[in-house]
Amino acid sequence: MSEEDVRTFVSGWESVAASPLFGSARILNVEEGDGDVVAIAAVWSAGEGRPGLLEPMGVHQDHRGHGHGTTVTRGAAAALRELGASSAIVCAESANVGAIATYVAAGFSARAEVADWLRED
C-alpha cells in the first residue's frame, strides 16, 4: 500500500470507529520496533454464527516478504472468531500472487474462481 492508500484507509476507519458499525468490525495492524505500521487488515462480521469477511489486507511495499501479511491475516481470523463468526472469507484476484501466497500461508484454502461483477458508473 502506498502512503496515500494508508492515509485514506485510516481516515475511513476513523469514521467507522466513531459509528455504530464498529461493533461488528475491527481493524488490525502490525508495527515494527519503531512503531511504524507495516501491515493492516480489516474484518467485518455478519453476526454470530455467520461467515465474516477479511477485506482489505495490505503490507507496505518496503516490508513485504517478512511474514507481516501472514501475521495480520491470522490476527484478523482470530478477531472474527472473537466476534462469533462461523468462518472467515477473503477475496483476492487470482493474479495477485502475493495476496494468494499470504492467505495460503495463514491457513486459507482456495475455492473455485468466481467472476467479478462490475457496475459502470
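**Entry 1: the turn after β2.** I began with the hairpin that β2 and β3 form, which has 5 residues between the two strands. Within that turn I noted G47, whose phi is positive at about 120°. I record here that the model is a predicted one.

**Entry 2: pairing of β2 with β3.** I then looked up strand β3, which covers residues 51-59. It pairs with β2 in the antiparallel sense, over 6 bridges. To fix the register I searched for the partner of A41 and found M57 of β3.

**Entry 3: the other side of β2.** Which strand pairs with β1, and in what sense? I found that β1, residues 25-31, pairs with β2 in the antiparallel sense over 7 bridges. In this pairing E31 stands opposite V37 of β2. These two strands also form a hairpin, with 5 residues between them. Its turn holds G35, for which I noted a positive phi of about 90°.

**Entry 4: burial of β2.** I next asked how many residues of β2 are buried. Strand β2 spans residues 37-45, and 7 of its 9 residues are buried, so the strand is largely enclosed by the rest of the structure.

**Entry 5: W44.** I looked up W44 separately, as a residue of strand β2. Its relative accessibility is 30%, and it therefore counts as partly exposed, since that class lies between the limits of 20% and 50%. I also found W44 in a nonpolar surface patch, which it makes together with L53 and I89. The area of this patch is about 230 Å².

Key. Residues numbered from 1 in each chain as written. Predicted model: local features only at pLDDT ≥ 70, side-chain atom pairs only at ≥ 80, totals over all residues. Heavy atoms only, no water. Buried < 20%, exposed > 50% of the residue type's maximum accessible area, 1.4 Å probe, protein only. Helix = DSSP H or I, 4+ residues; strand = E, 2+ residues; numbered from the N terminus. Pairing = 2+ DSSP bridges. Patch = residues over 30% accessible without salt bridge, like charges linked within 9 Å, V, L, I, M, F, W, Y side chains within 5 Å. Areas by Shrake-Rupley, 256 points an atom, 1.4 Å probe, with all protein chains shown as cover. Salt bridge = Lys/Arg side-chain N within 4 Å of Asp/Glu carboxyl O.
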